[in-house]
Amino acid sequence: MTLSRLTIHELHDLLVSKEISATELVQEHLDRIQALDGNVKSYITVTGDLARKQAKAVDAKLAAGETIGMLAGIPMAVKDNMCTEGIPTTCASRMLEGFKPQYSATVVEKLKAEDFVMLGKVNMDEFAMGSTTENSAFFATQNPWNADCVPGGSSGGSAASVAADLAVYSLGSDTGGSIRQPASFCGIVGLKPTYGAVSRFGLIAFASSLDQIGPLAKDVTDTALILNAITGYDKKDSTSADYNYPDYTAALTGDVKGMRIGLPKEYLGEGIDPDVEAQVRAAAAKLEELGAHVEECSLPYTRYAMPAYYLIAPAEASSNLGRYDGVRYGLRAPAEDVAGMFCDTRKKGFGPEVKRRIMLGTYALSSGYYDAYYLKALKVRNLIKQDYDRAFEQYDCLITPTAPTTALRKGNNQDPLALYKSDICTIPTNLAGIPGLSLPYGTDRNGMPIGVQLSGKAFAEPALLRAAYALEQNTNLTRLKPNQGKGL
Amino acid sequence: MERDVLRRLCLLNQLSLTETQKDDVINFFAERDADTATLEAIDTENVERMVHVMPVLTVVREDKASQPFSREDLQAGAPETDEGYWCVPRVLE
């Protein structure tokens, strides 16, 4: 049996019935990482000894007849922008190379309480700024479906590791699409929860009003199981939502009869690959066939989301990244005086995309430009949110492409503005703080996976899971696997 | 974007850029301007700014003395320390 291909719920059953041990399961994944990650390059740090120790503890619980949780003993990966106590946390930046946090992020602590098994920390665009994972200061990750393509970003390592069966699931973070776009490019499920649903304590900040942690998984059931473990109020996060979080698996009914689903016209047509549009329309038609009411709708401010986002996110980033000065932790460049140390440290520590965004953000916040840029963008953000508020008076969820195309070819990062457009379908949900789920739905003419995005009002994750699960149960288009040998 | 504005931004950000990087940023800003200009067309006269999508609470620590981290732990990754202090190169001439 190839254990690494299985889902959380399949593996949980095997662990509980003692057909496999957690130790055997983790060793298979570590062996696979050893054999394949030289090509995929999804991991920055592999924590083999820790993973074996965690697995052994789960085996001891099983041997003692104790009940274990759904995530217990399941090998997973964490994006390298979430703090893990005593384990290098780099943000894929030279600035934090070798940095070992003194505490773990709340989300990691929550998984620890579920007896998780952490295989390691996975690659990303530096400080989560990018759409290809080529902005990592260490190495680029490749798409397991095709070695000539990127896995998407910024959570490219999170997506590639799951798609290549180098982890059963992973955690990513999403500021403008960084969970959903790589999930789409790699043919797996990715969910950006409602802003505030998952604590950001210990997540190294990029744009604090937009960042959100979420799961990348092999199917919808696994996504619901992970969500059950990671959502919840956290007093350490001033933006954490004090909400009565449900059991998300209750939404996995397979029944969409009576659901009202909108198909926004602004997400179809010009700029969207015809194969992608065809699959979005096919998914909408399938939901209709299963009893949902689907109709075209409009979100008129959609086209302004990208320019607004690329003022708001860099403005927040320029402030958040001000802390990297070479004084207390991380990189320090040698210099004669303190001013020189600041400048040289930041010059050597940050890559070109991070510098570009810091400059853009500071410009937008500068005296004389603030009203025209940053303030204007914040007002447009409100209009985008109002667009969604109106839509969700009529619809339980919206269906759109996750990305305008399938995975991009490697080496196209010379034109940052063109790359920014790959997040055009995901950015609006971050601005509005609402949840978005990317579900694989077939492949394009080149055999590359296509992602369909479902979005809903704040805390409507159950509606998204319900629709996604119905599609998963009623088609063979959602459980996609890369061909061995092409990208692995 | 003029060179002088760029110089001021570099100073504000404590960043030094090579000439190639400066050209890259200037070109990038020029291309960005077209996108940003689309926002000017929207009437936002009576629209409230939205910094956060939800209310933000100020987190207040319990008024109780505690020491969650030791000084040694916090300084374990410091570039340079001396007897419990963080050291930096000279600040004054």
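The paragraphs below lead through a predicted model of two chains, A and B, beginning with the overall build of each chain and ending with single residues.

Chain A contains 15 helices and 11 strands. Its radius of gyration is 21 Å, which is close to the 23 Å that the globule rule gives for 488 residues, and chain A is therefore as compact as a globular protein of that length. Along the principal axes, the C-alpha atoms of chain A fill a box of roughly 65 × 55 × 45 Å. Of the 488 residues in chain A, 67% are buried, where buried means a relative accessible area under 20%. Among the contacts in chain A with a separation of 6 or more, 76% are made by residues that stand 24 or more positions apart.

Chain B has three helices and two strands, and these follow one another along the sequence in the pattern α-α-α-β-β. The radius of gyration of chain B is 23 Å, well over the 12 Å that the globule rule gives for 93 residues, so chain B is more spread out than a compact globule. Its C-alpha atoms fill a box of roughly 55 × 40 × 25 Å, again taken along the principal axes, and buried residues make up 26% of the 93 residues in chain B.

We now return to chain A and its domains. Chain A is divided into domain 1, which is made of the segments 3-266, 277-298 and 401-474, and domain 2, which covers 302-385. The contact between them takes 30 residues from domain 1 of chain A and 29 residues from domain 2 of chain A, while the centres of these domains, taken over C-alpha atoms, are separated by 26 Å.

Where does the largest pocket lie with respect to domain 1 and domain 2 of chain A? Both domains give residues to the lining of the largest pocket, and therefore it lies between them. The volume of this pocket is about 750 Å³. The lining is formed by 27 residues, and those closest to the centre of the pocket are A:Y103, A:F201, A:G202, A:L203 and A:R323. Sorted by class, the lining of the largest pocket has 14 nonpolar, seven polar and six charged residues.

Single residues show how parts of the chain come together. A:I8 is found in helix α1 of chain A, which spans residues 8-16, and A:I8 counts as buried because its relative accessibility is 0%. Leaving aside neighbours within four places in sequence, A:I8 is in contact with A:M70, A:L71, A:I74, A:V168, A:Y169, A:D222, A:L225 and A:I226. The C-alpha atoms of A:I8 and A:A72 are separated by 9.3 Å, although these residues are 64 residues apart along the chain.

A:A51 has its place in helix α3 of chain A, residues 48-63, and with a relative accessible area of 0% this residue is buried. When residues up to four places away in sequence are not counted, A:A51 touches A:V26, A:V117, A:M118 and A:L119. From A:A51 to A:Q473 there are 422 residues in sequence and 33 Å in space, C-alpha to C-alpha.

A:T345 belongs to helix α10 of chain A, residues 338-349. Is A:T345 buried or exposed? Its relative accessibility is 0%, so A:T345 counts as buried. With residues up to four places away in sequence not counted, A:T345 touches A:M95, A:D325, A:G326, A:L331, A:R332 and A:A333.

The last stop is the backbone in the loops. The loop of chain A between β3 (117-122) and α5 (156-163) holds A:S154, and the peptide bond that leads from A:G153 to A:S154 is cis, with omega near 10°. A:A128 also lies in the loop between β3 and α5, and its phi is near 65°, a positive value in a residue other than glycine. A:A128 has a relative accessible area of 6% and is therefore buried. Beyond α5, in the loop that leads to β4 (169-174) of chain A, lies A:D165, which has a positive phi of about 60° although it is not a glycine. A:D165 is buried, with a relative accessible area of 1%.

Definitions and conventions
Residues numbered from 1 in each chain as written. Chains lettered and ligands numbered in written order. Predicted model: local features only at pLDDT ≥ 70, side-chain atom pairs only at ≥ 80, totals over all residues. Heavy atoms only, no water. 1 Å grid on protein atoms, 1.4 Å probe; cavity = no way out; pocket = protein on both sides within 12 Å on 5 of 7 lines; lining within 4 Å. Points joined across faces, edges and corners; volume = space filled by probe spheres on them. Nonpolar A, V, L, I, M, F, W, Y, C, P; charged D, E, K, R; others polar. Domains from an automatic or database assignment. Helix = DSSP H or I, 4+ residues; strand = E, 2+ residues; numbered from the N terminus. Rg over C-alpha atoms; globule rule 2.2 N^0.38 Å. Buried < 20%, exposed > 50% of the residue type's maximum accessible area, 1.4 Å probe, protein only. Contact = heavy atoms within 4.5 Å.
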